Amino acid sequence: MKILQNFILSVFIFFILASSWAQQVHPNIVIIYVDDLGFGDIGVNGAIGVETPNIDKLASKGINFTDAHATAATCTPSRYSLLTGSYAFRNNAAILNGDAPLIMDTEMRTLPDMLKDAGYRTGVVGKWHLGLGDGNTNWNEEVKPGPREVGFDYSFLIPATGDRVPTVFLENQKVIGLDPNDPIIVNYSTQIDGYPVGREHPELLKQYADDQHLDAVTNGISRIGYMKGGESALWVDEKIPFVLTDKANTFIEKEKENPFFLFFSLHDIHQPRIANVKFIEASTMGPRGDVIAQMDWCVGEVMNKLEALGLAENTIIIFTSDNGPILDDGYLDYARELVGDHKPAGPFRGSKYSVYEAGTRMPTILSWPAQIKKPMTSDALLSQVDLYASLAKLVKQPVKKNDAPDSENHLDAWLGKTEKAREFLLQEAYTYGLRMGSWKYIQPKKSDEVPLWIVNKFVDPGFSTEVQLYDLENDPAENTNIYKEHPEVVAKMEKKLAEILK
Ligand code: NG6
Ligand code: CA
């Protein structure tokens with residue numbers, strides 16, 4: 001009898017240990033991907049004029065990284081790299097219009113595919129901007145290929161950007177709320193007889209915009225691209241944060257019994273920045289600051305949901321952004337005039353579209369209460385392209401021969417166990433940057449002429465016909481080009497860059 005009792009007890013203990021081991025190996029993973037948020041745009045990194053209590057709370061329980069990067073200074077390339085572990089240049093991934101086909105190869109083993117192999121349920125909620133369909137997209141039927149074909153069990157999407165048509169949500173690749181008698185037509189090259197056009201009807205607009213953003217007007221906002229139909233399906237910009245947060249939390253609730261991976265990709269703080277009235281004047285900076293507060297609220301709601309379901313302890317939250325900040329990207333919301341003493345890029349030079357540090361150096365926080373017990377700051381040099389191999393290591397999945405060619409496993413650095421991470425880090429903008437420790441190399445261009453569309457945005461893109469070399473340890477703002485003093489460093493970095501780009 002005693003032997004039997006002992007046996008049952010041991011089996012019981014074994015199962016408890018095994019299940020706790022399985023939990024540690026398979027924590028839930030939530031990537032909160034903010035759009036166009038700069039390094040300095042959060043409280044813990046010194047924001048002035050707006051508070052981000054939820055993000056600060058996340059940092060107070062996790063690791064705040066000072067040198068973690070998106071792979072590129074624009075959205076589509078960074079997202080592509082995050083989800084594939086491959087640099088964007090390999091696939092010419094550049095900013096896409098709303099009618100572009102899916103740019104990810106459905107044969108690729110993506111980050112969500114890999115996590116599915118490890119037993120995860122996978123979902124994406126929010127901005128997609130990786131193309132949808134095959135190039136002849138019919139928005140009135142299921143749009144394929146899309147997130148499902150690249151590894152997501154569930155999707156709820158803004159197809160491209162808030163400033164591009166079609167301005168409708170897709171759930172599991174079908175437009176939500178569509179009336180079949182009012183089909184959607186989208187055109188990016190020719191004006192069609194559909195929604196009025198902002199260029200002709202400025203009186204319809206809530207916010208004026210530059211000529212690139214003066215096409216179809218929906219919900220009082222002019223967009224890039226022309227559109228007709230789908231009126232019952234149009235989103236209301238002021239409600240986007242609520243809709244997306246609700247969908248994210250519904251996914252979490254539904255998958256609470258399984259390990260899950262949620263890619264929560266916010267529309268904020270991209271333009272058009274149209275805060276809900278709940279957040280108007282939440283900052284001293286006008287709409288751009290108000291949508292930072294709005295974004296922080298979304299983060300808090302997800303944290304609260306995880307807490308309420310008892311999942312917070314064993315969920316990894318990675319909070320970060322897809323490219324650097326920009327004040328004036330086309331809509332007249334006075335972000336530049338109202339910014340005051342706030343430094344969206346923190347101490348760094350550049351912005352969205354720029355090869356200088358601010359283009360890719362992202363606010364980045366990782367929390368995992370079960371493993372990370374005390375808050376810390378890490379200066380590890382990390383790239384979002386490494387999340388693939390690092391998370392594969394965590395969930396004990398192989399990275400196979402053709403998977404994630406640019407992804408390096410730096411799990412220990414992501415978990416704050418070491419600051420030793422990348423030796424070299426590529427930065428894709430309208431030229432290339434390369435980091436090697438605190439050295440920063442920028443590839444020269446044939447001409448340093450800046451295209452008008454960039455000039456108009458007050459961007460400092462980093463173009464020069466000369467090589468640029470900066471020592472970020474002594475010159476974090478990339479002010480003094482010292483390439484002439486360090487020919488051996490330049491030679492080493494040029495060689496490496498050529499190797500990567502080959
Ligand atoms: C650019 C748009 C800009 C923004 C950006 C995408 C013009 C002149 N500019 O082409 O407004 O939508 O694309 O931003 O059209 S991103 O964060 O998704 O990369
Ligand atoms: Ca972006």
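This short talk goes through a helix pair, a calcium site and some backbone features of the structure above.

Before I begin, please keep in mind that this is a predicted model, and that the values I quote are computed from it.

Let me start with the helices. Helix α5, which covers residues 240–254, packs against helix α6, residues 287–308, at an angle of about 20°, and the two axes are 10 Å apart. Since angles under 35 degrees count as roughly parallel, α5 and α6 are therefore described as roughly parallel to each other. The crossing in which α5 passes α6 is right-handed. On the α5 side the contact is formed by P241, F242, T245, A248, N249, I252 and E253, while α6 contributes Q294, W297, C298, E301, V302, K305 and L306. Taken by character, the residues of this contact comprise 8 that are nonpolar, 3 that are polar and 3 that are charged.

Now to the metal. Which residues coordinate the calcium ion, ligand 2? The donors come from D35, D36, D322 and N323, with D322 listed twice through OD and N323 taking part through OD1, at 2.1 to 2.8 Å. The angles among the 6 donor atoms run from 49 to 173°, and the site of the calcium ion is classed as irregular. For comparison, the ideal angles for six octahedral donors are 90 or 180 degrees. Along the chain, the donors follow the spacing D-D-x285-D-N. D35 sits in the loop between β1 (28–34) and α2 (53–59), and N323 in the loop between β13 (315–321) and α7 (335–338), so this pair ties together parts that are 288 residues apart in sequence.

Finally, the backbone. As general background, most peptide bonds are trans, and most residues other than glycine have a negative phi. Against that background, the peptide bond from V165 to P166 is cis, with omega near 0°, and P166 is placed in the loop between β5 (154–158) and β6 (170–171). Another cis peptide bond joins Q271 and P272, here with omega about -10°, and P272 belongs to the loop between β12 (260–265) and α6, the helix that we met earlier in its packing with α5. As for phi, N92 has a value near 45°, which is positive although the residue is not glycine, and N92 is found in the loop between α3 (75–84) and α4 (111–117).

Notes: Residues are numbered from 1 along each chain as its sequence is written. Chains are lettered from A and ligands numbered from 1 in the order in which they are written. This is a predicted model: local features need pLDDT of at least 70, side-chain atom pairs count only at pLDDT 80 or more; totals for chains, interfaces and linings use all residues. Side-chain values use heavy atoms; hydrogens and water are left out. Axes are lines fitted to C-alpha atoms, for helices over the stretch in contact, and angles run from 0 to 180 degrees between N-to-C directions. Helices (H or I, at least four residues) and strands (E, at least two) are DSSP runs, numbered from the N terminus. Angles under 35 degrees count as roughly parallel, over 145 as roughly antiparallel, 65 to 115 as roughly perpendicular and the rest as oblique. A crossing is left-handed if the near helix is turned anticlockwise from the far one by less than a right angle, and right-handed if clockwise. Contact means heavy atoms within 4.5 Å. Ala, Val, Leu, Ile, Met, Phe, Trp, Tyr, Cys and Pro count as nonpolar, Asp, Glu, Lys and Arg as charged, and the others, Gly among them, as polar. Donors are N, O and S atoms within 2.8 Å of the metal (3.2 Å for Na, K and Ca); water is not among the atoms, so sites may look incomplete. Four donors count as tetrahedral if all angles lie between 85 and 135 degrees; four count as square planar and six as octahedral if opposite donors are over 155 degrees apart and all others between 65 and 115; anything else is irregular.
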